Amino acid sequence: MATVRDALEVSAEMHKKDVNNVPDYVQRHLRSLSIWDELRFWEGYFEYLLDRFSNKSTNYATLVTTQLIIVAMHMAGLGLSETDSWYMIETIAGKNNIGYKHIIQIRGFLSHIRQICVGYWGIYSGKSQSVSSFGLTSPRPQDTADSTQQSSEASVVGRSWVQSMFSRDRASSFSRVRQGTTDSATNDNGSLLKQDVSASGPKKVQTNIRMLRGHSGAVTALHCVTKREVWDLVGDREDAGFFISGSTDCTVKIWDPSLRGSELRATLKGHTRTVRAISSDRGKVVSGSDDQSVLVWDKQTTQLLEELKGHEAQVSIVRMLSGERVLTAAHDGTVKMWDVRTDTCVANVGRCSSAILCMEYDDSSGILAAGGRDAVANIWDIRAGRQMHKLVGHSKWIRSIRMVGDTVITGSDDWTARVWSVSQGTCDSVLACHDGPVLSVEYSIADKGIITGSNDGLLRFWETDDGVVRCVKNVTIHNSSILSVNAGEHWLGIGAADNSMSLFHRPQERLGALSGTGSKMAGWQLYRTPQKAVAMVRCVAFDLERKRICTGGRNGMLRLWDATINI
């Protein structure tokens, strides 16, 4: 009982914590225990809480309500369905004879905490049985694997709960909660659910969205093989456009979007902990992990070639360079350069005082920029073997960095982005218009403008006017943290934490148009955005050449959007 109780305490706090502070095995294994479906277990646990926290001076109904709220929080953290959770809570509440006022309070809290849990983990679909362990038919649809149907189910159940909370016939509404989610013929919300399911059935199979299944744990790293990194000058490289993913299941997987229905090309096994970073070149794939190692694989044979060891903490960034070289950065604050041919570290580029979270390298100039938890952007000249600058100005972690020519752009948890001069080592501008941490920064070379994405869900476009950087456009189509922004010559891809994606297009200037008039950055126009799915995303990768965006979710699935297909 003590072990189960400890597990419950962990699950109740899961949705509040950063993934780096939650052991991956908890996410993978805790929810798979069959005991969570047992009504008798929750009755026993409730009795334990009641005995532990009983107080003669406390009103009995209030005491029962308080402990049932704790039980509801545990159920939500463990991923139990809303209807199953409410059935068991209602049964326990009925046996303890508390009033409807307290039952309504519990129901509202359970619905709220469930939405928070779904917002963090996404809808959990690990259990597909149609009959619950206590002998009652499950109200969940049979085909729960489809993400669109999951989204419909979650929204309908949530609406029926809220409506029943304010129903005039509250007493009967409680007893009908399980029936109301299955009887689509007599319930308005049920008929809505029926329409949603039929809309996503064989007649309209969302062919522009593909769900790539293969990982058994959350997707934590995602990389797209670009034409540039494989030197695809004439379009003869089949691996250009591949996506490579890493996961908490310790594997690296290679996906080929051109093979519709059979996208998984290879699974690379070798890491013993979560994979955090991936890169590739013409012939190799390199991955970094929490096991402090960097593994190099042959892209064609999928054989493990080298294991690079030297970091003393989890590897957060890997970058494959020309000449069989690899750059790595880790939470031990070090940046190292490796020679794959000799399996040796050829240079300790530099050291930061804390974990490195983002890094940029210009192979043409040999300049490297890195930032992290010490809130300092460090600039090194690798070829000269010296540190050029320590750019001090941010007050919190640096989450994102972008370097173009003599300009470095950093985004921080202090809600600002800063523009720095590499040669001078000075801060040229402070971009302070966001209401949350700046998680992504990008530079549009064609427009000579800056794009920032924040935890506030806003996308802001900046450009320089008479030496002053000003915001010329705000985009508010996303409702969650902007995780990644990628700008090409004519296309701009956006990925957000709530699994929403968008693609922007900058039309080419017409002949005879005055290119010097008006704002270029404000010319970006929304081209297309796919239907949103209920899942939380950790990483995003872009293939702007083919207008594809891929996201990796905490539910272990990749969601591949092909914007060229208009559904």
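In this predicted model, helix α3 packs against helix α4 through a defined set of residues: Trp42, Tyr45, Phe46, Leu49, Leu50 and Phe53 in α3 meet Tyr60, Leu63, Val64, Gln67, Leu68, Ile70, Val71, His74 and Met75 in α4. Sorted by class, this contact holds 13 nonpolar residues, two polar ones and no charged ones.

Helix α3 covers residues 39-53 and helix α4 covers residues 60-77. Their axes come within 10 Å and cross at roughly 130 degrees. An angle of 65 to 115 degrees would count as roughly perpendicular and one over 145 as roughly antiparallel, and α3 and α4 are therefore oblique to each other. The crossing of α3 and α4 is right-handed.

**Nonpolar cores**

In soluble globular proteins, nonpolar side chains tend to be buried together. The largest nonpolar core of this model has 27 residues. Those with the most contacts inside this core are Trp42, Leu68, Met75, Leu80, Ile89, Ile98 and Ile106. Two or more residues each are given to this core by α3, α4, α5 (82-95) and α6 (100-121). Helix α4 supplies the largest share, eight residues.

Met75 appears both in the contact of α4 with α3 and among the residues with the most contacts inside the core. Leaving aside its neighbours within four places in sequence, Met75 is in contact with Trp42, Leu80, Ser85, Met88 and Ile89. Apart from the core described above lies another one, of 15 residues, including Val349, Ile356, Ala370 and Ile382.

**Two residues with positive phi**

Most residues other than glycine have a negative phi. Threonine 302 has a positive value, near 60 degrees, and alanine 375 has a positive value, near 65 degrees. The table lists where each residue lies.

| Residue | Phi | Loop between | Relative accessible area |
|---|---|---|---|
| Threonine 302 | near 60 degrees | β8 (293-298) and β9 (304-309) | 27% |
| Alanine 375 | near 65 degrees | β15 (367-372) and β16 (376-381) | 8% |

Is threonine 302 buried or partly exposed? With a relative accessible area of 27%, threonine 302 is partly exposed, because that class runs between the limits of 20% and 50%. Alanine 375, at 8% relative accessibility, counts as buried because its value is under 20%.

Conventions
Residues are numbered from 1 along each chain as its sequence is written. This is a predicted model: local features need pLDDT of at least 70, side-chain atom pairs count only at pLDDT 80 or more; totals for chains, interfaces and linings use all residues. Side-chain values use heavy atoms; hydrogens and water are left out. Axes are lines fitted to C-alpha atoms, for helices over the stretch in contact, and angles run from 0 to 180 degrees between N-to-C directions. Helices (H or I, at least four residues) and strands (E, at least two) are DSSP runs, numbered from the N terminus. Angles under 35 degrees count as roughly parallel, over 145 as roughly antiparallel, 65 to 115 as roughly perpendicular and the rest as oblique. A crossing is left-handed if the near helix is turned anticlockwise from the far one by less than a right angle, and right-handed if clockwise. Contact means heavy atoms within 4.5 Å. Ala, Val, Leu, Ile, Met, Phe, Trp, Tyr, Cys and Pro count as nonpolar, Asp, Glu, Lys and Arg as charged, and the others, Gly among them, as polar. A nonpolar core is a set of buried Ala, Val, Leu, Ile, Met, Phe, Trp, Tyr and Cys residues joined through side-chain atoms within 4.5 Å. Buried means under 20% relative accessible area, exposed over 50%, partly exposed in between (1.4 Å probe, protein chains only).
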